[in-house]
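Reader: I am new to reading protein structures, and I would like to understand how the labels used for them are justified. Could we go through a few of them together?

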Amino acid sequence: MTTTRTQVAIVGAGPAGLLLSHLLHRTGIESIVIDNRGYEQIAGTIRAGILEAGSVRLLVDSGVSDRVLTEGMRHDGVVLRFHGENHRIDFQDLVGESVWLYPQTEVFLDLSARRAADGGDVRYGVTDTVVDIAGARPVVTFTESDGTRVEVAADLLIGADGSRSMCRHAFPAGVRDEWFREYPFAWFGFLVEAPPSHDELIYTRSDFGFALISQRTSTMQRMYFQCRPDERPEDWDDDRIWTEMRKRVNGNGFELAEGPISAKTVLPFRSFVTAPMRHDKLLLAGDAAHTVPPTGAKGLNLALADVAVLAESIADFYGTGDADVLDRYTERALDRVWRAQHFSYWATTMLHTAADASPFDRQRQHGELSMLTGSRHGAAYFAEAYTGWQHPK
């Protein structure tokens, strides 16, 4: 057993954990980050690709990387398509902001490179991780890839370990609440080797179900369509997928750019929030504390916003020596989380077709979309929510 000591132990080396470690390093606070996934596994996981304006500013201003500006795709709007017609929401005109198409994989690569350049202590591929918050200091025990058993004692323990968080379950019974909603549909996602079908994202509502047209590069695109949660990717060949996409999206002069399909997956939908996000010296961030449906592109952005607030709270803790300053973290973070939950739920229910939807339900959805796209005030609300609210003070 090797025993070591640090100020902050972080479980989870995804973007949330690495960004927190980076921000703490900038204020002189030491951390150790661990993850049971290997570096290649994290880097190879295809995840969300839209960054809010505030997330981009956070990454650039904190010195993580400016690749998001040079290699990411700036989008000044988004298209809502219904009744076979495109309706563009102009972010710049409405709220003066933009979003950037920049996959989570690239955010991870930027952050991991920054931590390596700064000499950060990040340990991938650990096993048998155990967290203990019963003592005076939190303790994390794990096994390195070479078989060495390591015990890390810390002042603070951060759970940035995703939706199946072991840190969340380390909270004593009865000290936190949970809110949960599961949706009766999922997204079937796939990569296609083809040029972009459009220069911005297209969110499509049709009587056959929802579809999303996104981009990745000039030659590789990402698309999704609404499906049942129990669908199996292996049951869908290229012809079946394109048949489904065409009837949902094509029409009135618009046609998808098609090509060979790869990386098929099914993404179930759920909304989840737990509070408080702190118990004693253990704090949660990102998916460990909340998840949202992907419709509003909020998951990664919420994690980065959490970390921005948490880094400030931890710096205040070390600056004042008063642990009570950590209590404000939950209040500040959850204000944004519940806004995002509302926006994601609203966008999901407005754009997706429920299996038991009545004719009234379908017409009401069309009325809602017409009201949104036909009103500058309605479009401005959507633009503000999609591009992101100001980071909490």
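Reader: What is the order of the strands in the open sheet of eight strands?

Author: Please keep in mind that this is a predicted model. The order is E6-E5-E13-E14-E15-E12-E16-E19, and the pairing in this open sheet is mixed.

Reader: What makes strand E6 and strand E19 edge strands?

Author: Strand E6 (85–90) and strand E19 (290–291) each pair on one side only, and they are the edge strands of the eight-stranded sheet.

Reader: How do you know that strand E5 and strand E13 pair?

Author: Two strands pair if DSSP finds at least two bridges between them, and strand E5 (residues 77–82) and strand E13 (residues 202–205) have four bridges in the parallel sense, so they satisfy that condition. In one of these bridges, Leu80 has Tyr203 of E13 as its partner.

Reader: Which helix packs on the sheet and touches E12, E13, E16 and E19?

Author: That is helix H9 (residues 328–351), whose direction makes about 130° with that of E16. Another helix, H7 (residues 238–249), lies across several strands, including E5, strand E12 (177–193) and E13, and runs at about 75° to E15.

Reader: Why is Cys167 called buried?

Author: The word buried is used for a relative accessible area under 20%, and Cys167 has 0%, so Cys167 counts as buried. Cys227, with a relative accessible area of 8%, is also under that cut-off and is therefore buried. As for disulfides, a search of the whole structure finds zero.

Reader: What makes strand E3 and strand E4 edge strands in the sheet of three strands?

Author: That open sheet has the order E3-E7-E4 with antiparallel pairing. Strand E3 (50–51) and strand E4 (73–75) each have a single partner strand, so one side of each is left without a neighbour in the sheet.

Reader: How do you know that E4 and strand E7 pair?

Author: At least two bridges are needed, and three bridges join E4 to strand E7 (residues 99–101), so these antiparallel strands count as a pair. Within E7, the bridge partner of Arg74 is Trp100.

Reader: Why is the approach of the Glu144 side chain to the side chain of Arg123 called a polar contact?

Author: The limit for such a pair of N or O atoms is 3.5 Å, and the value for these two side chains is 2.8 Å, so the distance is within the limit. Glu144 lies in the loop between strand E10 (139–143) and strand E11 (149–159).

Note on methods: Residues numbered from 1 in each chain as written. Predicted model: local features only at pLDDT ≥ 70, side-chain atom pairs only at ≥ 80, totals over all residues. Heavy atoms only, no water. Helix = DSSP H or I, 4+ residues; strand = E, 2+ residues; numbered from the N terminus. Contact = heavy atoms within 4.5 Å. Axes fitted to C-alpha atoms, helices over the stretch in contact; angles between N-to-C directions. Disulfide = S-S within 2.5 Å. Buried < 20%, exposed > 50% of the residue type's maximum accessible area, 1.4 Å probe, protein only. Polar contact = N/O pair within 3.5 Å; in protein donor to acceptor, adjacent residues only side chain to side chain.
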